[in-house]
Amino acid sequence: MKLNALAFAVPLFIGFMLLEYFIAKRKRLPYFNLHNSIANISVGIAERLCDVFVTGALYFVYDRLQKRYGLFVIKPGVVLWILLLLCTDFLWYWYHRLAHEINILWAVHVVHHQSEDYNYTVSARITVLQALVRTCFWAVLPLVGFPAGMITVMLLLHGIYPFFIHTRLVGKLGVLEYVLVTPSHHRVHHASNDKYLDKNYGDVFIIWDKLFGTFKKEEETEETVYGLTKPLNTYSFLWQHFHFLIEIWLAAKEKKGFKEKCKIVFGRPEHFDPAVRKKAEAIFKVKHSNKKLAQRLNRYVVWQMIILLASLFVFILFESRFDVVFKISFVCITLLTLINCGAVMEQKRWVFHVEFLRLVSLLIIPVYNFTVYNNSIIPVIAAVILLAIAAWYQTLQAQYLKLIYNKNATA
């Protein structure tokens, strides 16, 4: 039986997150917020899930580029592995820097900076769009001549290190501060204090920042504030991912002429009109709820995340054994659950619609399997369930909202 070893990254990283949480709790350090952590992990779940489908495709792209257009034919060796590590990190630096300096690239990277906490859960905030964009930068590697196998292994190893620098528990690391990106350096990068903005872009080595003038040492003269300079104030899974793309579209739409529109798309984020966000929120009816969530609702969301993480582990581990219909259904259920958790944390009324769609996605699997095996009973039962819900939709919605919120939710 072929197993996907990448599945073990899920319990490994969750284990470190829990370890950090318990250490912080024991030291009575307020480094964790439940809802922020759930929002952070939700982004990571989506990325891990979609990564199952794109990893093979990226390997194919790298292999094709190297074999058809590679300048050299590079074979593995100690020196060349070191050279590949340096090249990978150098390309990351420039991707990361440009992602902070160009609006369209910031739109896919901004998700990573939205959390106002700073802990291991923040490292999970990597979107699929960000992974695809930075892959375009790494496509230089096969063009030089590095084989796809070396690149894939290096990207896996290179991707592990940044996880461990997203923490406030680790102080400065002495002589390592001169060479590596340490937790201290990366805290500066995630800070929204004016003196820390657009600094420390490195991923593994801090030498690039020192070489190109973007280095800043962490100071203790004032409290470090994390997150965006204009906080998003939402747990919405969808809005976190797409708000800035929508803002760019709205801002560009108001400009006349191709040149002016390009200035919006390729301009710098600090020059972007912050008033556009209010327009976007008004159009999409994004309202923020400051209501405190009842403990039973917190438990409901937490248990959804626990079940989802366990399911994700099993899905990735055995993904080669599942057919296309099962994979599509699982993706739909997962994404709807992530949307559901964000909506519940904001006590949205439309969460019932998400629950209905999740039920439909869940029923697809048995309906398909039993239809294939010529069993007509299960599809009939599923159809009856869906028709019954449709017939009493408004009544069921009212009862559902009363059950989970004890009263009417917000819009």
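This is a short talk through one protein chain, going from its overall build to a handful of residues.

Hi everyone, thanks for coming. Please keep in mind throughout that this is a predicted model.

Let me start with the whole chain. The secondary structure comes to 17 helices and 0 strands. Along the principal axes, the C-alpha atoms fill a box of roughly 65 × 60 × 50 Å. How does the radius of gyration sit with a compact globule? For 411 residues such a globule would have a value near 22 Å, and the protein has 23 Å, so the two agree.

Next, packing and surface. Of the 411 residues, 46% are buried. If you take contacts between residues at least 6 apart in sequence, 77% of them join residues at least 24 apart. The protein exposes about 21,600 Å², and carbon and sulfur atoms supply 68% of that area. For those of you who like electrostatics, there are 45 positive and 28 negative charges, and their mean positions are 6 Å apart.

Now some individual residues, beginning with glutamate 218. You will find glutamate 218 in the loop between α9, residues 207-212, and α10, residues 237-254. Is this charged residue buried or exposed? Glutamate 218 has 13% relative accessibility; the cut-off for buried is under 20%, so glutamate 218 counts as buried. And what does its side chain pair with? There is a polar contact, at 2.8 Å, between the side chains of glutamate 218 and arginine 187. Setting aside residues up to four places away in sequence, glutamate 218 touches Lys172, Ser184, Arg187, Val188 and Tyr196. So arginine 187 turns up both as the polar partner and in that list of touching residues.

Let's move to leucine 338, which lies in helix α14, residues 324-345. Its relative accessibility is 1%, which means leucine 338 counts as buried. Which residues surround it, once neighbours within four places are left aside? Leucine 338 is in contact with Ser42, Ile45, Ala46, Phe237 and Leu308. Two of these can be placed on helices you can look up in the viewer: Ser42 falls within α2, which spans 34-69, and Phe237 is where α10 begins. Along the chain, leucine 338 and arginine 349 are 11 residues apart, and their C-alpha atoms are separated by 16 Å.

For a contrast in spacing, take alanine 294. It sits in the loop between α12, residues 275-283, and α13, residues 295-317. With a relative accessible area of 35%, alanine 294 is partly exposed. Alanine 294 and methionine 345 are 51 residues apart along the chain, yet their C-alpha atoms are separated by 9.7 Å.

Last stop, backbone angles. Arginine 28 has a phi near 60°, a positive value in a residue other than glycine. Arginine 28 is in the loop between α1, residues 9-26, and α2, residues 34-69, and at 76% relative accessible area it is exposed. Aspartate 198 also has a phi near 60°, again positive and again not a glycine. Aspartate 198 lies in the loop between α8, residues 183-190, and α9, and at 30% relative accessibility it counts as partly exposed.

That's my tour. Thanks for listening, and I'm happy to take questions.

Definitions and conventions. Residues are numbered from 1 along each chain as its sequence is written. This is a predicted model: local features need pLDDT of at least 70, side-chain atom pairs count only at pLDDT 80 or more; totals for chains, interfaces and linings use all residues. Side-chain values use heavy atoms; hydrogens and water are left out. Helices (H or I, at least four residues) and strands (E, at least two) are DSSP runs, numbered from the N terminus. Buried means under 20% relative accessible area, exposed over 50%, partly exposed in between (1.4 Å probe, protein chains only). A polar contact is a pair of N or O atoms within 3.5 Å; within protein, one must be able to donate a hydrogen and the other to accept it, and residues adjacent in sequence count only if both atoms are side-chain atoms. Contact means heavy atoms within 4.5 Å. The radius of gyration is taken over C-alpha atoms; the globule rule is 2.2 Å times the number of residues to the power 0.38. Accessible areas come from the Shrake-Rupley method with a 1.4 Å probe; for residues, only the protein chains shown count as cover. Lys and Arg count as positive and Asp and Glu as negative; His and the chain ends are not counted. The place of a charge is taken as NZ of Lys, CZ of Arg, CG of Asp or CD of Glu.
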